[in-house]
Amino acid sequence: LCPRLAAVVACLSARKYRSRCACVQRAARSSPDASRQRRTQAAAIRLVRGAARGGTRQRASKFKRSPVRRSPSARRSLARKRMAPSVLDKVIIAIRAVQTHKGASRQLIVKYLKAEFDIENGPAVKKALKSDQLVQTGQSFRVKGDAPIPVPADEIVGIEDVAEGEGQEAAKGDDVAMAYIGTLDDGTEFDRGTGFRFTIGDGDVIKGWDRGIVGMKVGGRRKLVVSSKLGYGK
């Protein structure tokens, strides 16, 4: 054959070979196993793309948040429940209503809850009193973050040291012996004594003495200004 004719025959052979390969590939693609594998791969790709876009999460959340149809009365009842104060809210209201500069005692809180909200001293109240929104000092409670209430003037003992004295300072629980002179605002003397013995803090004397003697030293002299509330009353 001439070179040109040989080239034509080679070209025809190459075309037949490519067409035969294409037929084999189409046959392979049309087989059940190959089509199943392609579908599986396509599904996996769609799932990955959907998760990347957040589509699966959005569909799930949309399904969970399906609206619940309620009657008007049910909606009003639900709104009242949401607006109603909890037991802790009522305890806070009680504390702020009855507290002093020392706080609010448990007894006063329970009494207020019974009178104002008809709530008994049950587990719910005890749990509310343990909340971290409250501060407990001894048996008294106050609301955390509230400004402290100033001490009333009639709860303050005026102290003026005339002579300091020497030795150990007197403290609560100590036994002391005192010499004293009691006078009124106008200077009228109403009582005096020497060698008067008592224990500080035991309630043997007026509150003004229990508070005012603390810190004195042996041989010291101190002037105390005591209100009637911390003294002998009206």
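Here a biologist and a modeller talk through the pockets, a surface patch and some salt bridges of a predicted model.

Biologist: Let's start with the pockets! Which strand gives the most residues to the lining of the largest pocket?

Modeller: This pocket holds about 1400 Å³ of space, and 39 residues line it. Strands S5 (175-183), S6 (189-199) and S7 (221-225) each give two or more residues to that lining. The top contributor, with nine residues, is S5.

Biologist: Nice. How many charged residues does the lining of the largest pocket have?

Modeller: Among the residues nearest the centre of this pocket are Tyr180, Trp209 and Arg222. Sorted by class, the lining has 21 nonpolar and nine polar residues. The number of charged residues is nine.

Biologist: Now the second largest pocket: which strand gives the most to its lining?

Modeller: Here the space is about 160 Å³, with 15 lining residues, including His101 and Arg142 close to the centre. Strand S2 (134-137) and strand S3 (140-143) each supply at least two of the lining residues. With four residues, the one that gives the most is S3.

Biologist: Let's move to the surface. Is Tyr232 buried or exposed?

Modeller: Tyr232 sits in the segment after S7, and together with Leu184 and Phe190 it makes a nonpolar surface patch of about 370 Å². Exposed means over 50% relative accessible area. Tyr232 has 64% relative accessibility, so it counts as exposed.

Biologist: On to the salt bridges. How many residues apart are Arg96 and Asp146?

Modeller: The whole structure has eight salt bridges. In the one between Arg96 and Asp146, the closest N and O atoms are 2.9 Å apart. Arg96 belongs to helix H5 (residues 87-98), while Asp146 is in the loop between S3 and strand S4 (158-163), so this pair links distant parts of the chain. Along the sequence, their separation is 50 residues.

Biologist: Why does the pair of Arg222 and Asp161 tie together parts that are apart in sequence, and by how many residues?

Modeller: The side chains of these two meet in a salt bridge at 2.8 Å, N to O. Because Arg222 lies in strand S7 and Asp161 in strand S4, the pair ties together parts of the sequence whose separation is 61 residues.

Biologist: One more! Which residues are joined into one network by salt bridges that share partners?

Modeller: One of the bridges pairs Glu120 with Lys114, the closest N and O atoms being 2.5 Å apart. Glu120 is exposed at 53%, whereas Lys114 is partly exposed at 39%. Through shared partners, the network consists of Lys114, Asp118 and Glu120.

Definitions and conventions. Residues are numbered from 1 along each chain as its sequence is written. This is a predicted model: local features need pLDDT of at least 70, side-chain atom pairs count only at pLDDT 80 or more; totals for chains, interfaces and linings use all residues. Side-chain values use heavy atoms; hydrogens and water are left out. On a 1 Å grid over the protein atoms alone, a cavity is a set of points where a 1.4 Å probe fits but cannot get out, and a pocket is an open set with protein on both sides within 12 Å along at least five of seven lines; lining residues have an atom within 4 Å of a point. Grid points are joined across faces, edges and corners, and a volume is the space filled by probe spheres set on the points. Ala, Val, Leu, Ile, Met, Phe, Trp, Tyr, Cys and Pro count as nonpolar, Asp, Glu, Lys and Arg as charged, and the others, Gly among them, as polar. Patches are made of residues with over 30% relative accessible area and no salt bridge: like charges are joined within 9 Å, nonpolar side chains (Val, Leu, Ile, Met, Phe, Trp, Tyr) within 5 Å. Accessible areas come from the Shrake-Rupley method with a 1.4 Å probe; for residues, only the protein chains shown count as cover. A salt bridge is a side-chain nitrogen of Lys or Arg within 4 Å of a carboxyl oxygen of Asp or Glu. Buried means under 20% relative accessible area, exposed over 50%, partly exposed in between (1.4 Å probe, protein chains only).
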